[in-house]
Every structure is written in structure tokens, then in C-alpha cells.
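Q: Could you take a close look at one part of this model for me, the place where the protein meets one of the DNA strands? I would also like to hear how the protein chains around that place fit together.

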2 protein chains.
Amino acid sequence: MEMRHDIKESVARRRQRPLVLEVRDELERMILLGEIAAGERLNEALLAERLGVSRGPVREAARSLEREGLVEAVANEGVYVRLLAPQDGLELYDLRAMIAGYLCAALAGRADDAIKAELQAFLAAMETAIGTQDEAAYFDLNLAFHDRIAEAADMGRARALYVSLGKEVRLMRLKVLSGAAALRQSNDEHARIVAAIVAGDVEGARAAGAAHHTSGKRKLLERLRREGGACHAPAGHADHVPQEGQTVTTTTDLGRIT
Amino acid sequence: MEMRHDIKESVARRRQRPLVLEVRDELERMILLGEIAAGERLNEALLAERLGVSRGPVREAARSLEREGLVEAVANEGVYVRLLAPQDGLELYDLRAMIAGYLCAALAGRADDAIKAELQAFLAAMETAIGTQDEAAYFDLNLAFHDRIAEAADMGRARALYVSLGKEVRLMRLKVLSGAAALRQSNDEHARIVAAIVAGDVEGARAAGAAHHTSGKRKLLERLRREGGACHAPAGHADHVPQEGQTVTTTTDLGRIT
DNA sequence: CAACAGAATATTGTTGACAATCTACAATCC
DNA sequence: GGATTGTAGATTGTCAACAATATTCTGTTG
């Protein structure tokens, strides 16, 4: 009896991820890549048809994304891609800086030689990307570098938060890692983080990890001062998003802008 | 036409809330109060029947709770109330301490006389509760006090995180606010927070807010040393462990269940 | 008696249909 | 003309049935 194929098929089917996971990933991808713009509404029926599933999994995926902060649901109206106000963005950077510092500190207290070497290899690879002016490669390496730190720190909730907040930040569609000078500064900060982790300097690692993200916030502040407006062009149908144009204040070491 | 405010409010209230919100609140209540024990599975059909709805809203509510960290879904098997390991609890306290410090610092930089007076009134009320040894009242006041700080700090994401992490902590079912000495120490720490906020001392408020939560972590550590075991008495049915080949329904590592 | 295959049962995964609600636009009135 | 009301279409909210999968039970076999 020809069983091989049947068995393989059976195993494949058993490992099939529930549709809601596929849908969630796809929606997240579309949102993060801007294929669905900030402030835009997610049409359940349309998305379901395009993805070849029914509306049930789409609705579940939307609820999941809602709790993660990528979309916002309005009763009897629909779910919208979140449109962040400038002060929301600043807050996200603050939170992310704190958690990054926490993760770096945790890793500094438990890092073994293997992870230390791995992080130093990341540094070298990013240095190479800077040399060849390959910004796309640097971007990917940068992402992998930070995720590796979060993973190695072995802090489940903090890592999840860090990743989740990173996705929220991407809603603003800022291109901060652009230009040779920015890359240069970024990897210098990376080097300080790695040095502190390698030295087992817990507080130094915390400070370096937080500072690296705070510099991203500084770039956002500069852009806000220059452009003065919202982070993203407000779509016509985003009335439910709080967007009062009040003065942005922040309580970190960067002082406050008025 | 001049429509009175209470009428508009009444109409708004009558406007039916989607079932998924009601179900989510009810499930959250049941989990937080321990009516569904940690590690226990949520039976969709049973819950739907008990709540008088169909399974759709129950599933959506579960997805929502999953992203919040209260439950964990396993593909083709069900969603379980999260069972926290001791180290997960410690991590939650750390995160909560950081965010509380952030919120207190933000409030110290923007507090007006009204909120300052309000916080001092909270202090006095909690002092009274200590005097009459009314632990239940102190518990409620304590909750309201911290939520008021989070609200007044006007940091949307940080506040949501603070509240959400607070619920996760409750999964461990610890009774830290018990005994006259504990209440005494707790309100002394509250007083330091309020003093820093009233003085507009941003960094002092951050430190006091963080320290207050760190002392909760210390109590958890003491208990762990004394009892040596898990945070929660392991029920016989609560030893569910996701195994190889199962699709754990989360894209991010939401921590382990043990 | 232990181990195993297979049926029976319970539970989750998914779907399409129907009801409730909102939005857009045309008809009506002042 | 501008505001208001009513209607049609689109979209979300909810449900119950069916399919796929996991679990439990049971009889069989070594």
C-alpha cells in the first residue's frame, strides 16, 4: 500500500497552523508595510475574500492585533489601523528605552562566552554593512541584533513587550536609520552596549541600552520640530483617533518641547 | 436644541455594547477572581452557554485576553489560563516598577493643584483604613490611588501597560497587602511618592514610584524562599505543557507555562 | 496484565447565513 | 438653498451547523 504520501500529508495537515494565525501575520505584515495605511479601516469581508477565508478568522485576528496596539476597534463601525499622535510616538520610545535597558542589564548579568561572541560578530557585520553603505543589510542586522539580545536575556514578558512596542513604533513610518552618519552613530551605541554586556557591567548595559533608544526619540523630536505637524498624514476617516494638537511635553532627560 | 448631558449619556449607555466586550470583561473577572483556576482550560461551548451567547464572541474575547497575557492558546486544543513560574512573577514586578516610575515622573512634571490635593486625600483615606484595620478598604483605595496616578500622568500606552501587568500579577494570587505592618509600610511609600509629585521632583517621583513596586517584589522573593516552591499550588490538572509539534498560538514568546 | 488499535465522544476550527447597525444619497419641506 | 427625513446599500454583529482534530473508552491481542 502506498502509505508514504498519505502519512506525509497527514502530518502536514496536523501541523497546519490555524487560519487565524496566518491571517494575523498577514494583516500585521500589510499594516507594518503600509499596504493598509494608518487610519484606514479594515474591511472584514474584503480581507476575508482576498485571503480566501471566512470572516471569523479575520475578526479573531483583528481582536488580537487590537490588544497589541496595531489597530483600534470601534463598535458597529469597524477596526482601524492606529494613527499615532506625536506624543504617542514619544511615549513609545520612552517605554522601549526602559525595556531595552532592562533586557541589556539582565543579559549583562547572565551572558556566557557564546552570546558575547555572537554579539561581537553582529557588531562586525554591521560595521561591514556601513562600509559598503548597504542600508538594507544594516537594517536587518540591527533588527536581528536587538532581538538576539532580547532573546538571550531570557525575559519572556519583557521581550514580548519590546517586540510589540517596536511594531507600534513602525506605525509611524519613520526612516531614522538613513545616512552614513546615522549608521555610524547607531553602531557606536551598539558597541557600547556590547562592551558593557561583555564586561558584565549590569548598570552600564542598562544605561547604554536605554541611551541607544533615547537617541531614536531625539531624532523624532527633531523631525517634529522641523515639520511641526503629525507623524503621518491624517486620513479622512480617522476621527476616532485622539489628535488634539496640544503642546508635546516629555519628562525625560531630553527636557520638554513646547 | 440644548440637549442635557445626562440624556446623551443615557442614550450612549443604552447603545448596546458588542457581546465580545461583555464576554471579555466577564472572562477576565472569572480569571482574576480565580473562578477559573490558573492552568485550567476554557471550554468555549460551556462558557458560551453559561453566558447566553454563541461561541463566536467567546473566541474573540479569548484572543483578546491572549494578547493581554491572561490566557494562552494551543492550536486544536484550547486556551488555558496562564500559569506563571516564579521568575515570570519577578519579571512582572520589575516591569511594573519601571512603568510606575515612568508614570510618577511624568505626573510630577505636570501635576496641578487639583490632582495634588486628590492624591493627598487618598493618602489620608488610606491612613484611616489602616487605623480601623480595614484591609479590604485599603486594598480598594490602593488600587484607585495607583490608577489615578496612571490616569493623571496622561500616558496612554504606559497606563494601559501598567494596568495590564497588574492583572497578570494577580494571576499569581498573592496576598501581599496583609497585616498592619505591611499596610504601614505601603502607605509610607505612598507618602513619599505623593511628596515628590507635589514638590515637582521628577526623578524623586520616579525613584519613589519604582521603589514602591520593588518592595512588592521583595515580598514575593521572601515568600519564594520560605515556601521554596511555585507561586501557585499546582493543581493536578494544571500541568499542561506545550510540546513539540504543537502550534502555540502566539507569534511572540509570551513566556513559559510550567 | 500491559500494550495497542479502533470506535465513540468531546472539543476546537471554519464557514455561510441572517440580523442589527451604520453610511450615503435622494426626496421632501421650510 | 439648506436642513431634515426616509430609503437603499454596505458593513459589522451574532448565530447555528458542519468539518477537523483531540481525547477517552473499549475490546482485543500478545
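A: Around DNA strand D there are 21 residues, and those that come nearest are Arg41(A), Arg55(A), Arg59(A), Leu19(B) and Ser54(B). Please keep in mind that this is a predicted model.

Let's go through the secondary structure next. In chain A, α1 (4-14), β1 (41-42) and α4 (55-68) each supply at least two residues of the surface near DNA strand D, and α2 and α4 of chain B do so too. Sorted by class, this surface has 9 charged, 7 nonpolar and 5 polar residues.

On the DNA side, sugar or phosphate accounts for 79% of the atoms of strand D within 4 Å of the protein, with the rest belonging to bases. Some individual phosphate contacts are worth finding on your screen. Arg59(A) places a polar side-chain atom 2.7 Å from a phosphate oxygen of DNA strand D. With Leu42(A), a polar backbone atom takes that role, at 3.2 Å from a phosphate oxygen of the strand. Asn76(A) likewise uses a polar backbone atom, here 3.1 Å from a phosphate oxygen of DNA strand D.

Both protein chains appear in that surface, which brings us to the contact between them. Chain A puts 42 residues into this contact and chain B 47 residues. Together the two chains bury about 3900 Å², and 52% of that lies on carbon and sulfur atoms. On the chain B side, Arg67(B), Tyr102(B) and Arg157(B) supply 18% of the area buried against chain A, more than any other three residues.

Now for the polar side of this interface. Between chain B and chain A, 17 residue pairs are in polar contact, counting pairs with both residues at pLDDT 80 or more. The elements of chain B that give two or more residues to the side touching chain A are α2 (19-32), α4 (55-68), α5 (86-108), α8 (156-170) and α10 (202-227). Of these, α5(B) gives the most, with 10 residues. By class, that side of chain B has 18 charged, 16 nonpolar and 13 polar residues.

Salt bridges cross the interface as well, 10 of them between chain B and chain A. If you would like one to look at, try Glu66(B) and Arg24(A), whose side chains meet in a salt bridge with an N to O distance of 3.5 Å.

To bring the two views together, α2 and α4 of chain B each supply at least two residues near DNA strand D, and both also appear among the elements on the side of chain B that touches chain A.

Key: Residues numbered from 1 in each chain as written. Chains lettered and ligands numbered in written order. Predicted model: local features only at pLDDT ≥ 70, side-chain atom pairs only at ≥ 80, totals over all residues. Heavy atoms only, no water. Contact = heavy atoms within 4.5 Å. Buried area = accessible area lost by both parts, 1.4 Å probe. Salt bridge = Lys/Arg side-chain N within 4 Å of Asp/Glu carboxyl O. Polar contact = N/O pair within 3.5 Å; in protein donor to acceptor, adjacent residues only side chain to side chain. Helix = DSSP H or I, 4+ residues; strand = E, 2+ residues; numbered from the N terminus. Nonpolar A, V, L, I, M, F, W, Y, C, P; charged D, E, K, R; others polar. Near = heavy atom within 4 Å.
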